[in-house]
Amino acid sequence: MSGNNVADRSTILSSIIDEIALPERTLAGAVSVRGIGFVHGQDVTVQFRPAPAGTGIVFVRTDLPNKPSVPARFEFLLHQNRRTAIGRGNAIIEMTEHLLAPLAALGITSAYIDIDSDETPAGDGSSQVYLDAIDRVGTRTLDANIAPVIIREPIRINEGIDEGTASIEIRPPSIRGLRITYDLAYDHPGIGEQTHTEAITASTFRQEIAAARTFVLEQEVSALRSMGIGLRQTSRDLLVYRADGSIIENNLRYPNECARHKLLDVVGDLALLGRPIWGDLHAKKSGHRHNVALVKSIFEHSVQHPGGSVSVRNVA
Ligand SMILES: [Zn+2]
């Protein structure tokens, strides 16, 4: 009999689950990031600001009348292709994932994010520009706790895309936190099969994940540009793969940089739960559509306990 199966883990966890609470955390000061949006190519400035406990992560569209706010939560998700967007009324924020991933990895649970356009700055296609900004001001704990979502039963998403070969699954945690494996399989000589596993902490995110950049195939670029996307980006601003497998005007930061970037996207999309999550996640060829479907399922199966803890169970 296996000593490491899901039931055993679940039993161990159930004895401690009601005692788990993490300190809320915010930024120690305000800090800005300026850049160019990837989708519409506009100049944009975001400013991270400290927020009181219980605020959550909240975007504020400072360029719109009455400065409407949009919580970075699943309930405000909009359907977009190849990227994640949230919105409320006419206040939309596109490409939230690269900005939200470092906040989640650093345990920042409450912050305001002022933004003067409808998309985040693209930076170098990774989360590095945001991580650097947050590290310039640092973080501080708040006088309140937040309970993580703890996965008690496996949840698997396997929608009918990519001929059913893409999936994302989360199981009860093997560590006190979030552990992610991403398996990438691209029928392309430059990418091929790649995998990466990481237990997500502030230090592992800093050292192993934050710098992994967005990638695109050269043959996709003209289609994106005909849709008006990426018009101000050059091939130095992300990884552009030629058909022969080489990369235009750029060098890889890691041999499996593409898998690491997809893992980064998962961290950023999971942040839309609005609280830390503990579980072992395994993604295979999944994209934003799968990620947000998983977030939706976790959200729908969450049980809030009287002591404030949250678990996910009884998933069919
Ligand atoms: Zn991405």
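**Cut-offs and calls in a predicted zinc-bound chain**

Student: Why is Val-137 called partly exposed?

Tutor: Val-137 has 24% relative accessibility. Partly exposed covers the range between 20% and 50%. The value falls inside that range, so Val-137 counts as partly exposed. Bear in mind that this is a predicted model.

Student: Where is Val-137, and what does it touch?

Tutor: Val-137 belongs to helix α3, residues 128–137. Setting aside neighbours within four places in sequence, its contacts are Leu-27, Ala-28, Gly-29, Ala-30 and Val-31. Take Val-31: it lies 106 residues from Val-137 along the chain, yet the two C-alpha atoms are 6.8 Å apart.

Student: What makes Ser-32 buried, partly exposed or exposed?

Tutor: Its relative accessible area is 26%. The buried class ends under 20%, and the exposed class starts over 50%. Ser-32 is therefore partly exposed. Ser-32 sits in strand β2, residues 31–36. Beyond four places in sequence, Ser-32 touches Thr-45, Val-46, Gln-47, Ala-133 and Arg-136. Ser-32 and Ile-113 are 81 residues apart in sequence, with 9.3 Å between their C-alpha atoms.

Student: Which atoms count as donors to the zinc ion, and how do you know?

Tutor: The protein donors are His-98 (NE2), His-261 (NE2) and two OD atoms of Asp-265. They lie 2.1 to 2.7 Å from the zinc ion. The limit for a donor here is 2.8 Å, so these atoms qualify.

Student: Why is the zinc site called irregular?

Tutor: Its four donor atoms make angles of 53 to 150°. A tetrahedral call needs all angles between 85 and 135 degrees, so both ends of the range break that rule. Square planar needs opposite donors over 155 degrees apart, and 150° does not reach that. The site is therefore irregular.

Student: How are the donor residues spaced in sequence?

Tutor: The pattern is H-x162-H-x3-D. Distant parts of the chain are linked by the histidine pair: His-98 in helix α2 (residues 97–105) and His-261 in helix α6 (residues 257–270), 163 residues apart.

Student: How do you know whether those histidines are buried or exposed?

Tutor: Relative accessible area is 5% for His-98 and 3% for His-261. Buried means under 20%, so both histidines are buried.

Student: What makes α2 largely enclosed by the rest of the structure?

Tutor: Eight of its nine residues are buried, so α2 earns that description. Among the buried ones are Glu-97, Leu-99, Pro-102 and Ala-105. After α2 comes Gly-107, with a positive phi near 75°.

Student: Which residues other than glycine have a positive phi?

Tutor: Two examples are Asn-66, at about 65°, and Met-95, near 55°. Asn-66 is in the loop between β4 (57–61) and β5 (69–71). Met-95 is in the loop between β8 (91–94) and α2.

Student: Are those two buried or exposed, and what decides it?

Tutor: Asn-66 has a relative accessible area of 78%, over the 50% limit, so it is exposed. Met-95 has 11%, under the 20% limit, so it is buried.

Student: How do α4 and α6 pack?

Tutor: Helix α4 (residues 202–209) meets α6 at an angle of about 140°, and the axes are 11 Å apart. The crossing is left-handed. On the α4 side, Phe-205, Glu-208 and Ile-209 make the contact; on the α6 side, Arg-260, Leu-263 and Leu-264 do.

Student: What classes do those contact residues fall into?

Tutor: Four are nonpolar, none polar and two charged. Phe, Ile and Leu count as nonpolar, while Glu and Arg count as charged.

Student: Why is Gln-233 called buried?

Tutor: Gln-233 has 7% relative accessibility, under the 20% limit, so it is buried. Gln-233 lies in the loop between α5 (218–226) and β17 (239–241). Past four places in sequence, it touches Ile-36, Gly-37, Phe-38, Ala-122 and Arg-225.

Student: What makes Asn-158 partly exposed?

Tutor: Its relative accessible area is 40%, between 20% and 50%, so that class applies. Asn-158 is in the loop between β12 (155–157) and β13 (167–171).

Student: How many helices and strands does the chain have, and how much of it is buried?

Tutor: Seven helices and 20 strands. Of its 316 residues, 52% count as buried. Among contacts between residues at least 6 apart in sequence, 72% join residues at least 24 apart.

Note on methods. Residues are numbered from 1 along each chain as its sequence is written. This is a predicted model: local features need pLDDT of at least 70, side-chain atom pairs count only at pLDDT 80 or more; totals for chains, interfaces and linings use all residues. Side-chain values use heavy atoms; hydrogens and water are left out. Donors are N, O and S atoms within 2.8 Å of the metal (3.2 Å for Na, K and Ca); water is not among the atoms, so sites may look incomplete. Four donors count as tetrahedral if all angles lie between 85 and 135 degrees; four count as square planar and six as octahedral if opposite donors are over 155 degrees apart and all others between 65 and 115; anything else is irregular. Helices (H or I, at least four residues) and strands (E, at least two) are DSSP runs, numbered from the N terminus. Buried means under 20% relative accessible area, exposed over 50%, partly exposed in between (1.4 Å probe, protein chains only). Axes are lines fitted to C-alpha atoms, for helices over the stretch in contact, and angles run from 0 to 180 degrees between N-to-C directions. A crossing is left-handed if the near helix is turned anticlockwise from the far one by less than a right angle, and right-handed if clockwise. Contact means heavy atoms within 4.5 Å.
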